[in-house]
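Subject: A structure for you to explore

Hello,

Here is the structure I promised to pass on to you. Have a look around it first, and then read my notes below.

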Amino acid sequence: MNAVLAQAVPAAECEPVPAIAVVLLGTGVVGGAFLKLLNTPAAASLRLVGAANSRRQQTEPVKLAERNLREQLKSTGAQRDDAALLAALDASGAAIKVIVDATASAELAARHAEWLAHGYHVVTANKSLGGGELPGWRTLQAALANGARYGDSATVGAGLPVLSTLRRLRQCGDALLTLEGVFSGSLSYLFNSYDGSRPFSVLLREARERGYTEPDPRADLSGEDVARKLLIIARNAGFALGWDEVQVEGLVPESLRALGTEAFLDRLEELDEPLAARHAEAKARGNVLRFLARLNQRGRARVGLSEVPANHPAARLYGTDNQFALTTTRYHTQPLVIQGPGAGPEVTAQALLGDVLALG
Ligand SMILES: NC(=O)C1=CN([C@@H]2O[C@H](COP(=O)(O)OP(=O)(O)OC[C@H]3O[C@@H](n4cnc5c(N)ncnc54)[C@H](O)[C@@H]3O)[C@@H](O)[C@H]2O)C=CC1
Ligand SMILES: N[C@@H](CC=O)C(=O)O
């Protein structure tokens, strides 16, 4: 009788209750790197109880444990359904239940506040809520009052310690006065590498292959992704800025704006001529091009391409380096500068893992 009962209990129910149960949304470049990290000793206290891409999801423990889960999800698994993923989190029995959003979906980001209000922690690389319309940000702040936590380190600098530093300064009574720098890893890579010898479109394809760009690179080139990061930092510093308060000068010509992503990717060469001309003009004046973000003391924000002299701090960046120069009431003679690689699957996935572990 006992033997029959033991056989009837599914294997998952016999597993010890994990300290932290995780559902992963998005198994693309960043989500794929996060799945790899889950197989390392650093993630021993975590159990993946669900994973999804835009069309399919998996909650079966045996399938979730497969090394090729990301590839499997492309053709197998149940249809996308948030309710089944939340049920898997609840069934885990874990005290800490986390939804990791590694998508760029505005639709999913709009659900973050609701999940937080229901007690699920949210860890996100998706900037659409924190860096979206102001009412969304306010809803998020209200949901956080219920005790669940929002891990957003990956949304700025791909996990460089920008938001954590800012929060620590504010806790000590310091206040952000101005902010300036290079907030895009892909645009940094492009303008640090571009010297006119290889077409801009070739470098852009390279940046995309390396996992630096957004799913649609126009989100980078248009300045939208940089504006989102600026808004996230500014709002965390107490500036209640709206989208319409950021002046954005993008690099996507009118003729390429309305296309689908694939059609746009087929026409990247159309970016080459205008950028070659701007590069040549800057060079003739002894300057270089950098995509800068700025927030001044009056809360005026701008992102766009600027010419800077060779001795400007932003002119001395390498690879995907981001640079955040924070002037505060206490760092006022010289800014506090945070600099380092600001895009790429591995560093971003690590930021997600770090935020999940911080919940333990
Ligand atoms: N690539 C990088 O260096 C960094 C990326 N990020 C952010 O990480 C996010 C993901 O970027 P990538 O991995 O490069 O994009 P990606 O395009 O490679 O992957 C996106 C994934 O999200 C999935 N997805 C879309 N809608 C979904 C939905 N409703 N439910 C479940 N899954 C859904 C897609 O199927 C895909 O698996 C973006 O928000 C990006 O801004 C943040 C910091 C750095
Ligand atoms: N596409 C983004 C990735 C990180 O947020 C960038 O280029 O910075």
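Which residues does L203 touch, not counting residues up to four places away in sequence? Keep that one in mind while I give you the overall picture; I come back to it further down.

**The whole protein**

Please remember as you read that this is a predicted model. The protein has 17 helices and 13 strands. Its C-alpha trace spans about 85 × 50 × 35 Å along the principal axes. For 360 residues, a compact globule would have a radius of gyration near 21 Å, and the protein agrees with that at 22 Å. Of the 360 residues, 41% count as buried. If you take the contacts between residues at least 6 apart in sequence, 69% of them join residues at least 24 apart.

**Two annotated domains**

UniProt has two domain features here, both from an unreviewed entry. One of them, "Aspartate/homoserine dehydrogenase NAD-binding", is listed for residues 26-140. That span is 42% helix and 19% strand, and its end C-alpha atoms lie 21 Å apart. The other feature, "Homoserine dehydrogenase catalytic", is placed by UniProt at residues 161-357. Here the span is 39% helix and 21% strand, with 16 Å between the end C-alpha atoms.

**L203 and the enclosed helix**

Now back to the opening question. L203 lies in helix α12, and the residues that L203 touches, leaving out those up to four places away in sequence, are L190, S193, Y194 and R198. L203 is buried, because 20 other C-beta atoms lie within 10 Å and 20 or more is what it takes to be called buried. You can also look at the pair L203 and Y189: they are 14 residues apart along the chain, and their C-alpha atoms are separated by 8.4 Å.

Y189 and L190 are among the buried residues of helix α11. That helix covers residues 185-193, and eight of its nine residues are buried, so α11 is largely enclosed by the rest of the structure. The buried ones are G185, S186, L187, S188, Y189, L190, F191 and N192. What covers them? The cover includes the helices α12 (200-209) and α13 (218-221), along with the strands β8 (176-182), β10 (287-295), β12 (321-328) and β13 (336-341).

**The two ligands**

Which residues surround ligand 2? They are A158, S184, G185, S186, Y212, T213, E214, D220, D225, G342 and A343. By class, this shell divides into three nonpolar, five polar and three charged residues. You have already met G185 and S186 as buried residues of α11.

A158 deserves a second look too. A158 is found in the loop between β7 (150-151) and α10 (163-171). Its phi is positive, about 50°, although A158 is not a glycine. With 26 other C-beta atoms within 10 Å, A158 is buried.

Around ligand 1 there are 30 residues, and G26, G28, V30, A125 and P215 come nearest. The shell has 14 nonpolar, 13 polar and three charged residues. Helices α3 and α17 (345-357) each supply at least two residues of this shell, and the largest share, three residues, comes from α3.

**A few other places to visit**

Start with A42, which is in the loop between α3 (29-38) and β2 (46-52). Is A42 buried or partly exposed? A42 is partly exposed, with 13 other C-beta atoms within 10 Å. Leaving out residues up to four places away in sequence, A42 touches L37 and L353. A42 and L353 are 311 residues apart along the chain, yet 8.7 Å separates their C-alpha atoms.

Next, find A358 in the segment after α17. A358 also counts as partly exposed, with 13 C-beta neighbours inside 10 Å. Between the C-alpha atoms of A358 and P335, which are 23 residues apart along the chain, the separation is 28 Å.

Finally, helix α16 (residues 272-284) is a nice one for checking a rule by hand. At 1.5 Å a residue, its 13 residues should span 18 Å, and the end C-alpha atoms are 18 Å apart, which agrees. After α16 comes G286, whose phi is positive, near 80°.

Enjoy exploring, and write back with any questions.

Best wishes

Notes:
Residues numbered from 1 in each chain as written. Chains lettered and ligands numbered in written order. Predicted model: local features only at pLDDT ≥ 70, side-chain atom pairs only at ≥ 80, totals over all residues. Near = placed C-beta within 6 Å. Nonpolar A, V, L, I, M, F, W, Y, C, P; charged D, E, K, R; others polar. Helix = DSSP H or I, 4+ residues; strand = E, 2+ residues; numbered from the N terminus. Expected span 1.5 Å × (residues − 1). UniProt positions renumbered as here; feature names shortened; annotations may be inferred. Rg over C-alpha atoms; globule rule 2.2 N^0.38 Å. Buried ≥ 20, exposed ≤ 12 C-beta atoms within 10 Å, placed from the backbone. Contact = placed C-beta atoms within 7 Å.
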